[in-house]
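Thanks for making the time this morning. I would like to walk you through one model, starting from a single loop and working outwards to the whole chain.

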Amino acid sequence: MAVENGSADEAAAVTVTVTVTGARTVAPAKNRCTLATFDLPYITFYYNQKLLLYRAAPDFPDAVARMTAALADALRVFYPLAGRIRQDDGGALAVEGDEGAEVFEAEAQGVAVDDLAGGDCSDEAEKVLQHLVPYTGVMNLEGLRRPLLAVQFTKLKDGLAVGCAFNHAVLDGTSTWHFMSSWAELCRGVPLSLQPIHDRSLSRSVRVRLELPASAEAHEKTDPNGPKKALVARVFSFPEPTVARIKAAANAALPPGAKPFSTFQSLGAHIWRAVSRARGLGPADITAFAVFADCRARLDPPLPPAYFGNLIQAVFTGVPAGMLLGGPPELPAGLLQKAIDEHDAAAVTRRLEEYEAAPKLFHYSDAGPNCVAVGSSPRFRVYDVDFGFGRPERVRSGGNNKFDGMVYLYPGRGGDGGIDVELALQPEPMQRLEKDDDFFLRQAAA
């Protein structure tokens, strides 16, 4: 094949022959996201479930069509949620492909929003709530075969429930609510306020060989914590004045110049003491407190909130119950403050290096003896997730990853500084907690 260029006169003077030696089609590379060390400990946890209840939803089919179309757009931006987990020949895990998310539609006949969103949610309503979120009991390991995101739209008597299940080996709470807010923005037709950062090598670039169990069932059989205990979940709403009193009590006896306790440290200490009372712990019984701390700002250099993935680590402290309950409020708040402050960039790196040297498959209930563990934050703007028909009436967590003492903190819906405490306990301690005037500061308010 000859290709001639230039004018006729030029062609007469010089003939350049170009021979095409091959041809092929070039396609863009498939989306691939290597999981970082921060992600790997959660492969044997369970899908993280979130439920949003909306009252002023439009026609159900129209709402579902709009939200599904926006979901497709969101998955193009947050592409790891559209793939599947793959393990390469070296044992490293990555997310590949664009197979998509799974979407369910359902109807809860006769169930109203207030039945589920009210402050006094009954045991029967709690059972209904668990049917509004998909993938209950599904381990993150199943992400090798299942979608990494599942969504269930449920028609209620007077509203809409949006239940989501996220593979926790792919993202943490910060990224979960980043995705939810972005999905809602796309549904409203507004530009994304924050583009995600998908380069996980920014947090850690070490390849880790992970020996995966044959199945989720095989891993569950090795749980040293024994069979799952019967639990009940409740939401306790602390209005801003009550939160302020709890914080003031924790800080009342601090010496001049001492670092004050944060709202989280004060409220966490308050919950820790109340749960320990409700459990009836003996003075010598050790009780632990764990918080899944966001490490984005702790790294050196720090990473922005837009980093999409897991960037959390569990931070622990513990004390005999006699000291916890017999001491002043500043004692547990001080323990939390010390543990959180000491978890700096060096501590984060040490934890990563320990895991990389000896990778471990955890059980979600490994938090410790008589534990209280916090896995969410009132800083997450969960009530700003507006798909175009108003803010949610209530935001809840599903039953996955809940063990005795698991706490999720959410901002109060009013946006005035109140905090909702979603707590799972065994039935008898929960009954005692619900009657604890000190927990609710009823005596102080009387």
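Tyr135 sits in the loop between α4 and β6 (149–155), where helices (H or I, at least four residues) and strands (E, at least two) are DSSP runs numbered from the N terminus. Please keep in mind that this is a predicted model, in which local features need pLDDT of at least 70 and side-chain atom pairs count only at pLDDT 80 or more, whereas totals for chains, interfaces and linings use all residues. Residues are numbered from 1 along each chain as its sequence is written, and side-chain values use heavy atoms, with hydrogens and water left out.

What is the phi of Tyr135, a residue other than glycine? Phi is near 65° there, a positive value. Tyr135 also counts as buried, at 7% relative accessibility, where buried means under 20% relative accessible area, exposed over 50% and partly exposed in between, with a 1.4 Å probe and protein chains only.

Asn401 is another such case, since it has a positive phi of about 65° although it is not a glycine. Asn401 lies in the loop between β12 (394–397) and β13 (406–411), and with a relative accessible area of 7% it is buried. One more backbone feature belongs here, namely the peptide bond from Asp300 to Pro301, which is cis with omega near 0°; Pro301 has its place in the loop between β9 (286–294) and β10 (312–320). As background for these three sites, most residues other than glycine have a negative phi, and most peptide bonds are trans.

From Asn401 we can step to Tyr408, which is found in strand β13 and is buried, with a relative accessible area of 4%. If we leave aside neighbours within four places in sequence, the residues in contact with Tyr408 include Lys50, Gly375, Asn401, Lys402 and Val421, contact meaning heavy atoms within 4.5 Å. The C-alpha atoms of Tyr408 and Pro378 are separated by 8.7 Å, with their positions 30 residues apart along the chain.

Val421 also leads us to Leu267, in helix α8 (residues 263–279). Which residues is Leu267 in contact with, leaving aside its neighbours within four places in sequence? They are Ile246, Leu409, Ile419 and Val421, and Leu267 itself is buried, with a relative accessible area of 2%. The C-alpha atoms of Leu267 and Val421 are separated by 9.7 Å, although the two residues are 154 apart along the chain.

Next, the second largest pocket, which is lined by 35 residues, with Lys229, Leu231, Lys402, Phe403 and Asp404 nearest its centre. On a 1 Å grid over the protein atoms alone, a pocket is an open set of points where a 1.4 Å probe fits, with protein on both sides within 12 Å along at least five of seven lines, and lining residues have an atom within 4 Å of a point. The elements that give two or more residues to this lining are α4 (123–130) and β8 (232–238), and α4 gives the most, with four residues.

Finally, the chain as a whole: the secondary structure comes to 14 helices and 14 strands, and the C-alpha trace spans about 105 × 55 × 50 Å along its principal axes. Buried residues make up 50% of the 446 residues, and, among contacts between residues at least 6 apart in sequence, 77% join residues at least 24 apart.
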